[in-house]
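Student: I should like a close look at one part of this model, followed outward into its surroundings. Please give the answer as one connected account.

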Amino acid sequence: MSQIKVTDWAYAAGFVDGEGCIAITRSFSKPRNRFYYGVAVVAVNRDRDVLDWMRSLWAGWVVSMSRATASDRPAWAWRSPTGTSAEPFLRGVRPWLRIKGPQCDNALSMIQVLRRSRYTLGPKVLPSEWLMDQENHYWRQRELNHRGSQTFEPKPMHSPNKIHRARASFS
């Protein structure tokens with residue numbers, strides 16, 4: 001990443017502050033009977049060129065967003081490399097973040113927990129305090145990313161499949 005200019009980092013930070021999300025994701029593995037966590041940065045915009053520019057500098061993907069109605073204008077999302085691979089981008093934009101600094105700090109802390117936990121990808125069991133550490137980072141990020149005026153309630157989100165089935169039943 002040596003070719004990335006300071007102004008590129010600053011612009012990307014402003015873009016993430018205004019149009020992005022720094023998330024800690026969680027998915028459940030039935031065979032291992034536990035949650036797995038990841039870190040991701042997503043920025044959404046109607047101008048695909050700026051997202052392609054981000055992909056050219058920091059890798060990741062640019063994906064089309066689904067439209068709620070046929071008359072909606074197209075939009076795209078840049079998705080950063082995920083998990084511990086998101087760390088270089090997050091460290092690079094952190095000095096310029098004005099709004100999402102706490103989310104970035106929590107995500108960087110989670111990356112350290114994920115890195116420490118890597119040895120357990122095989123049959124080894126993750127210590128319960130490490131599992132709790134991951135869970136605490138997840139819920140902290142959910143609270144930091146909470147929108148609206150209502151008080152944050154730490155309750156699980158519905159699975160995408162459940163949401164898809166519910167939407168299909170309305171059609």
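In what sense, and over how many bridges, do strand S2 and strand S4 pair?

Tutor: The model is a predicted one, and the account below starts from strand S4. Strand S4 covers residues 76–79, and strand S2 covers residues 34–45; the two pair in the antiparallel sense, over 4 bridges. One point of register is given by Val 44, whose bridge partner in S4 is Ala 77. S4 also pairs with strand S3, residues 61–64, again in the antiparallel sense and over 4 bridges. Here Ser 64 has Trp 76 of S4 as its bridge partner.

The surroundings of Trp 78 can be described in detail. With neighbours within four places in sequence left aside, Trp 78 is in contact with Val 41, Val 42 and Ala 43, with Leu 51, Met 54, Arg 55, Trp 58, Ala 59 and Gly 60, with Trp 61 and Val 62, and with Phe 89. Several of these names return in the nonpolar core. The largest such core has 35 residues, and Trp 78 is listed among those with the most contacts inside it, together with Val 39, Leu 51, Met 54, Trp 58, Phe 89 and Leu 90. At least two residues of this core come from each of the following elements: helix H1 (6–19), strand S1 (20–29), S2, helix H2 (48–58), S4, helix H3 (87–93), helix H4 (101–117) and helix H5 (128–144). H4 provides the largest share, 7 residues.

From S4 the chain may be followed onward to Thr 84, which is found in the loop between S4 and H3. Thr 84 has a relative accessible area of 11%, and because this is under the 20% limit, the residue counts as buried. Leaving aside its neighbours within four places in sequence, Thr 84 is in contact with Ile 111, Leu 114, Arg 115 and Arg 118.

Arg 115 leads to the charged pairs. The structure holds 7 salt bridges. In one of them, the side chain of Arg 115 meets that of Glu 87, at 2.7 Å from N to O. Since Arg 115 lies in helix H4 and Glu 87 in helix H3, this pair ties together parts that are 28 residues apart in sequence. The two partners can be set side by side: Arg 115 is partly exposed at 36% relative accessibility, whereas Glu 87 is buried at 12%.

Another salt bridge involves H4 as well. The side chains of Asp 105 and Arg 94 meet at 2.7 Å, N to O. Asp 105 is in helix H4 and Arg 94 is in the loop between H3 and H4, 11 residues apart, and the pair is one that links distant parts of the chain. Asp 105 has a relative accessible area of 35% and is partly exposed; Arg 94, with 26%, is also partly exposed. Arg 55, already named as a contact of Trp 78, belongs to a network in which salt bridges with shared partners join Arg 48, Asp 52 and Arg 55.

A further pair lies elsewhere in the chain. Arg 26 forms a salt bridge with Glu 135, with the closest N and O atoms 2.7 Å apart. This pair links distant parts of the chain, Arg 26 being in strand S1 and Glu 135 in helix H5, 109 residues apart. Glu 135 is buried, its relative accessible area being 18%.

Methods. Residues are numbered from 1 along each chain as its sequence is written. This is a predicted model: local features need pLDDT of at least 70, side-chain atom pairs count only at pLDDT 80 or more; totals for chains, interfaces and linings use all residues. Side-chain values use heavy atoms; hydrogens and water are left out. Two strands pair if DSSP finds at least two bridges between them. A nonpolar core is a set of buried Ala, Val, Leu, Ile, Met, Phe, Trp, Tyr and Cys residues joined through side-chain atoms within 4.5 Å. Buried means under 20% relative accessible area, exposed over 50%, partly exposed in between (1.4 Å probe, protein chains only). Contact means heavy atoms within 4.5 Å. A salt bridge is a side-chain nitrogen of Lys or Arg within 4 Å of a carboxyl oxygen of Asp or Glu.
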